[in-house]
Every structure is written in C-alpha cells, then in structure tokens.
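Hi everyone, thanks for coming. Let me put today's structure on the screen, and then I'll walk you through it.

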Amino acid sequence: MSIAAQAGLGTAVMDRLATLAGFSEDPNNLTRRYLSAEHKQAAGQVKAWMEEAGMTATLDAVGNVVGRYEARRPGAPALLIGSHIDTVVDAGWYDGNLGVVAAIACVGELARQGRRLPFAVEVIAFGDEEGSRFPATLTCSGAVAGRFDPNSLESRDEAGVSVGEALVDFGCDPAAAAAIGRAPGDVHGYVELHIEQGPVLEAEDLPVGVVTAINGASRLAVRVTGMAGHAGTVPMALRRDALVGAAEMIAAVEEVGRGGGDGLVATVGRIEALPGTVNVVPGEAHFTLDVRAPDDDVRRTAVAAIQSRCGDIAARRGLELSVERTHEAVATGCAPWIMDQFDAAVARHGIRLLRLPSGAGHDAMAFNGFCPIGMLFVRCAGGISHNPAESITVEDADVGTRVLLDFVERFEPDG
Ligand code: HGY
Ligand code: MN
Ligand code: MN
C-alpha cells in the first residue's frame, strides 16, 4: 500500500523518521556520522524507500543515495530535492532526515497517481552535512555541485581514519568522487525542506515558512601550545598553561560574538586539553570555532577580530597559537522565483505567508552559484535542534510534505 494510502502523508513520514532514528552509533541517543556503519544501514533503507516510490536509486561515489523519478521525456533536466541523513552527536530525529523522507513521500505520491512531469525529480540523501566526524562539511552536496576537493580525502577523524579510507570501507571508490559533479544544464534547481531549528515559526503560529537566505559560516580549528608540567610543583607564575589560555580566548570569542553586529553568532563547540590528566598542567588545548552572520563582511571581520584577540592572549601568556580554517560557506540567497513558487504553494494550503532567513547551515549552500536554490522550513518545538528534544508534530510534517508536493507538481523551471 502506498505511503499516502496508509495513514496520511504526515503519519507515514513520522513513522519512517522513527525507523531512521534506529540506525545509531549509540544505543542511548541518535548519533549517525558520515560513512559509519549506521550511515550505511540508513542509506540502504533510504534506497529501498526510493525504489518503492518508483525511483531508480544508487549510492554515489561519496556515499550519497540518489533517487531519480524520470520525466515524461527520459533524460530531461531534473529538479533536485535533498537533505542529509548524517547527524550531530546526540541528535534530534528531524534535522536533515525530515527533508529526505518528505521528498521521497512526494515522489511516491506522483508515482501512485501515475504522473510524470516535464522534468525529472531527483531526491538526494547527502551523507555529510554536519561535519560531525571529519573537519570539513557539505562535502557530499558540494561534490554533486561539482566542487569536490580531492584534498578532503586526506582529512581525518579523531581516530585518524581518512575520508578516503572510510569511503573504501563504505564500498565507494574515492577516485570516482570528482566525477559525480552534475552539468549545470542537467539541473533546474535545488530545493530542500528542513526544520527551522529556530523559534520564529512557532512564535508566528505557522507550520511552514519560505527561506530567504542562509547565513554564511566559518569553521576553524584552534590549537594552543604551552608547557605540560607537574600540577604540584610548577609555581603558578611560571606556568604556560594551554588550557587556561584557551579559556581566556573562549571568553574573547563570546565577547566578539556579542558585540559584533546584526545576526552575528560565534560558538566554541568542542575543547580538548592534553594530556588530560588531573595532575598535569595542560601543555596543549584544541578547540573549534564556528562563526556565522547574514553578512559575509561582518562574519569575516569577526573571525579576524577573534584571531587577533587570541594572538594577543597567546603572546601575553607565552603560548603558541595555530588557527586552521576548516570550512567556509558564503551567505546564500534563495532564488526569488523559487521563493515565489513556494509562496504560491503555501498560499494554496491557506497558510499565511512568512519569509525568514536561516541561521543554520544547509546542503543548499553547496549549490550556491551552481543552480537556483530554495528552502521550505517546518516549525519545530521551541526552535530546539542539535538536541534530542528536537521535535515536530505529525500535522506539521503532513503540511510540510503536502506543500512541498504542491510546489513540485506546479514547478515551472526558470520561473
Ligand atoms: O551547523 C549547521 O548549521 C548545520 O546544522 N550543519
Ligand atoms: Mn540540517
Ligand atoms: Mn544540523
């Protein structure tokens, strides 16, 4: 029985999200990182759902699952609909996964009705949007957009496993990664349904909203090097304590973030002190930096200010500092004509129109400059995300999926 005939699109979508949540590296929470065994299980399940929905489905060279629902004229350019099935550590069920499951449900409805459109529809379940295992992020969607960086094959996770090694273990051929880039003429555009991960739709009492733009983002890896020593014998005045230096730097990150301008945010998500023993003055400290803003100049100015403050702190404390940029994505505008078509679909469902920016990053950013993009947000409770408390209602899952289907059915390429 098709996904719609069972119990409404929303219920079926929620059931499938529960199934996907079962593929986790940790039995106590949802953690599914790129190229893990659990990612492989989830990819297999998504591939089966794509085939059930009438698509031909394949695993591409970087671990994406790509389903194609052919057009009336075989080989016609496609509308890409995607999101990611990797997660952060201790994640919610809906970030990324909702967009993939809802897109499959839309194609399943087209197939159930026996409809073929003037364009193909391709649903892509990207493997690495979060960057929660390897330093880089958006590598999989970037590869589809023809931006695969062969150097990324050398980046390593905390266990020292490289992306290239992990791809081979996953059953992929790293040498074929660059070839998955699409020809621009084969793609009409890229759209993505995603939870808002913010409080606006809930505050406006709206189930969905149309995204205007996605904030630009910088990610950096900071290493502070001092001198390890005996916690009992090294006098406080003689220490070169890397962790205390990092702590002062992290306070400076917050200060710059708070004072840096409209929509600027700066986050230190992870810190590590080495050797990490109770009675040793830390000789090294490593921490991550995530800086975002709607305006790229504001973001870059903030990154420079943070680096300068960290340099001053390191010099004063006799510490060494190294800062490596691991990711940068410029602020990405959604195509006005795609926003208009999403507005029309929302209006046809009798929902008040709201357009809003995205503070969170998305795979859609990887298509910036490659093809027109658009996004539709679905309300999530309290705007909570990257947290197991992340949640949506079955009604909003249903509305989001139906608005996406309406958009697809009436999609007019190039506006
Ligand atoms: O970090 C982000 O904004 C996205 O969830 N990866
Ligand atoms: Mn996401
Ligand atoms: Mn996320």
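I'll talk about the metal site and the residues that hold it.

First, some housekeeping: this is a predicted model, where local features need pLDDT of at least 70 and side-chain atom pairs count only at pLDDT 80 or more, while totals for chains, interfaces and linings use all residues. Residues are numbered from 1 along each chain as its sequence is written, chains are lettered from A and ligands numbered from 1 in the order written, and side-chain values use heavy atoms, with hydrogens and water left out.

Let's start with the manganese ion (ligand 2). Its donors (N, O and S atoms within 2.8 Å of the metal, or 3.2 Å for Na, K and Ca; water is not among the atoms, so sites may look incomplete) are His84 (NE2), Asp95 (OD) and His194 (NE2), at 2.1 to 2.3 Å. Along the chain they follow the spacing H-x10-D-x98-H. Asp95 sits in the loop between strand E3 (78-84) and helix H3 (97-112), and His194 in strand E5 (residues 187-195), so this pair ties together parts that are 99 residues apart in sequence. Helices (H or I, at least four residues) and strands (E, at least two) are DSSP runs, numbered from the N terminus.

Now, which residue coordinates both manganese ions? That's Asp95, and the two ions, ligand 2 and ligand 3, are 3.5 Å apart.

For the manganese ion (ligand 3), the protein donors are Asp95 (OD), Glu130 (OE), Glu130 (OE) and His386 (NE2), at 2.1 to 2.8 Å.

Finally, are these residues buried or exposed? Buried means under 20% relative accessible area, exposed over 50%, and partly exposed in between (1.4 Å probe, protein chains only). Asp95 is buried at 6%, and Glu130 is buried at 8%.
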